[in-house]
Structure formats: C-alpha cells, structure tokens
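Please open the structure in your viewer and keep the selection panel at hand. The tour proceeds from one selection to the next.

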Amino acid sequence: MKGAKITAIGAYVPARRLTNSDLEQMVDTNEEWIVQRTGIRERRISREDEYTSDLCTAAVQDLMKRYGKSVQDVDMILVATSTPDFSFPSVASILQNRLGIPVTAGAVDLSAACAGFVYALHTAHAYVASGLHRKVLVLGADTLSKITDYTDRSTCILFGDGAGAVLLESGGLVDGFAGFHLGSDGSGAHHVYHPGLSHVVNEVDLIDTGKLVQNGREVFRWAVRTVPQGVQQVLDSAGATLEQVDWFIPHSANLRMIEPICERMNYPLEQALYSLEYFGNTSAASIPLALDLGIRAGKVLNGQQVLLYGFGAGLAHAGQLLRLTLDTEVSPPAPL
Ligand code: COA
C-alpha cells in the first residue's frame, strides 16, 4: 500500500442568497420555525444558466489559486453529484475539457447522493493507495435548487447549491487516510428520491413531479440511528478512539439531526463542523464545504484528525477518518 494525502482544497457557492425571509414570501413558513427545526438561515442558489459543472470549475479554480497547484497532471477526475448537467455526458468529462486536463486522464461521476463525496474520496484513496493512480481530483457538487419544489415547504427550506474540490496525491510513506466504513440500505430507497425512468421502488409508487421528494421524518430517524453506529465502525477499523478525533464533519442535512447524533456518540457539538447555516443542505458538497469553512476559520489545522460521515438517499452512508496533510496555501481564499 502506498500513502495518499489530501494536499489542497477549494470551494465555490453561487452568489445569489435565498434567506428564510425570502422563503416566507414563497410558502407558508417562518424564520423561527426554519431556524429552530433546521439551523439553516440562508442557502445559495445557482443562476438559471449555472450548472454543477460551472460550480465544479470554480471550486477547482479556487483550489489552484490558493495552493498554487496545477491540475494538468491529474490522472483521474471523480465527481460526486446527483444533479449532473446531463444524464450523460458526465460532469467529470465536461470538467476535463474545461480545465484543459489531458485526455489521458480518467473521468467519471459517482452517484451516492449526500454520501457521494465520502464515497468518491474512498474510491480515490483506493486508486492512489493501490498505485493505480498518482493524483486524483475529487469533487462533491450539487445544484439541488434545480430539482427542488418551491411550493413544498417541507423540502424547499432545506436545500442549496455548492461545490467542494480536493486534490488527492500519492504521499510516499505518509498516509493521511485511516479507517473507513461504508453502507447502504436500499429498503429505504423510497424515503428520498428524484424520479427517473422508473416510478416504482420497493413496490412503492413514487410521486413524479419532476422534483425531489422525501419523507423527512424517516430520513431523520434513520440517520440519527445509523451514523453513530457507523462512526464507531470507522473508529474500530482505524484502531482509534473518539477522543482522538479533533473534528467531526457529518453531512450538513439539518442541525437538529447533528445534535442528537453527537449526543448519542457523546461527542462535543462544538467539535462538529457543518456548512448548513449559510449554505443549507448542499448534498455532495456539504462535507467539503464544511471542511473548507473550518480551514478558512483557522479551526482545522494540518496534522489534526477529521472524521467525515456522509449519509442520505439510498439510503447510503460512508465514513472516513483522515489526518489533514494540506500543502501550504500560497494565496488567501476569496470570501465565499
Ligand atoms: N414551515 C412551517 N411548518 C412546517 C414546515 C415549514 N417549512 N415544514 C413542515 N412544517 C410543519 C408540518 O406540516 C407539520 O405540521 P403538522 O404537525 O400540523 O402536521 C410540522 O411542521 C412538523 O412536521 P415534521 O415533518 O414532523 O417536522 P420535523 O421537525 O421532522 O422537520 C424536516 C421536518 C424536513 C425539517 C426534518 O424532518 C428533516 O430535516 N429531515 C431530514 C431530511 C433530510 O435530511 N433529507 C435529505 C437527505 S440527507
């Protein structure tokens, strides 16, 4: 096994803000309910002509500028997304061309909804650790606003758009990656979905409005039960303890889910990082955005141990313990 490390990170969110008071004008809701039940104050919404590939491009540009990195020599591009510009071609292929990455690099999208970024990171680590690839660009990006029903108050208050990018490089003897845990329970596939070619899953007739549909309570219950158990599996596979985890970054679905998850784990909520307060639930982007916010705020430091845990539609989940091994930034990040 070769070492693999994350050497650079970048992020992007669209300029347009959708606040809770904006939502009060659109559906029967109010600021107090949204903040109390979700912890979300604002989300960023992409322009009509702005797609996931555009957000990805901007996130990689941020990464290159901050870390003085080139992506010309990456040999694989992995994009975790549930809202690609097209069913095909992939966002990864569009990105390869737009960033001028040589045509010899592999390019593929991965679909695991809100768990997608951690699945992509896990895949990239396997590629680099096995020696199959040297330098992998990994993105988590979504434009959920494009599939959100803005007449449904139980979903439209949650979602926003964003992208996060990391560069995973062969680290010689240094391996930033410790334990991981993956899982999926398709018996809950009908609890959160975006209709596609089929309209039935688990013998349940799906609602097809062309928009995202969810049973919020079921997803809530499943996540609060599943994530603490998954975190323990990550720790067991790494031979680590929770006390060694400097920062816990669960998927930013809802602060009211993160609180009981931390409580069940007996982990201090102050050491949980999330991106939902000003960006909402950005699906595959939520974890890299939260990591990046922590780095920008000077909280997350090189050498610290971070435990990422993605969960969502599938119902799929994925956790990864890693030690931060970023290169030094050459220029400060632009404000998000
Ligand atoms: N404003 C005001 N009231 C609202 C509302 C809103 N935006 N959305 C729902 N309500 C109402 C409901 O209609 C219900 O009213 P009733 O009691 O008269 O029927 C009441 O609030 C409680 O609804 P409930 O669904 O129990 O609320 P909740 O506390 O579970 O919060 C979610 C709803 C969706 C915020 C929450 O379940 C959630 O975040 N779930 C996880 C979703 C998720 O993460 N999905 C993505 C996959 S990762």
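Select Asp62, Arg66 and Tyr67 in helix 3 together with Asp292, Ile295 and Arg296 in helix 9; in this predicted model, these residues bring the two helices into contact. By class, the contact of helix 3 with helix 9 comprises four charged residues, two nonpolar ones and no polar ones.

Next, extend the selection to the whole of helix 3 (residues 52-67) and helix 9 (residues 286-296), whose axes lie 14 Å apart and pack at an angle of about 30°. Angles under 35 degrees count as roughly parallel, and helix 3 is therefore roughly parallel to helix 9. The crossing of helix 3 past helix 9 is left-handed.

Now turn to the sheet. Select strands 8, 15, 14 and 13, which in that order make up an open, four-stranded sheet with mixed pairing. Strand 8 (177-184) and strand 13 (247-250) occupy the edges; each has a single partner strand, so one side of each lacks a neighbour in the sheet. On average, and ignoring direction, neighbouring strands of this sheet are turned by 10° against each other.

At one of these edges, select strand 13 with strand 14 (residues 305-312): the two pair in the parallel sense over four bridges. Which residue in strand 14 does Phe248 stand opposite? Displaying the side chains there identifies Leu307 as the residue opposite Phe248.

Finally, add helix 5 (residues 116-130), which lies across strand 8, strand 14 and strand 15 (316-323). Relative to strand 15, helix 5 runs at about 55°.

Conventions
Residues numbered from 1 in each chain as written. Predicted model: local features only at pLDDT ≥ 70, side-chain atom pairs only at ≥ 80, totals over all residues. Heavy atoms only, no water. Axes fitted to C-alpha atoms, helices over the stretch in contact; angles between N-to-C directions. Parallel < 35°, antiparallel > 145°, perpendicular 65-115°, else oblique. Left-handed = near helix turned anticlockwise from the far one by under 90°. Contact = heavy atoms within 4.5 Å. Nonpolar A, V, L, I, M, F, W, Y, C, P; charged D, E, K, R; others polar. Pairing = 2+ DSSP bridges.
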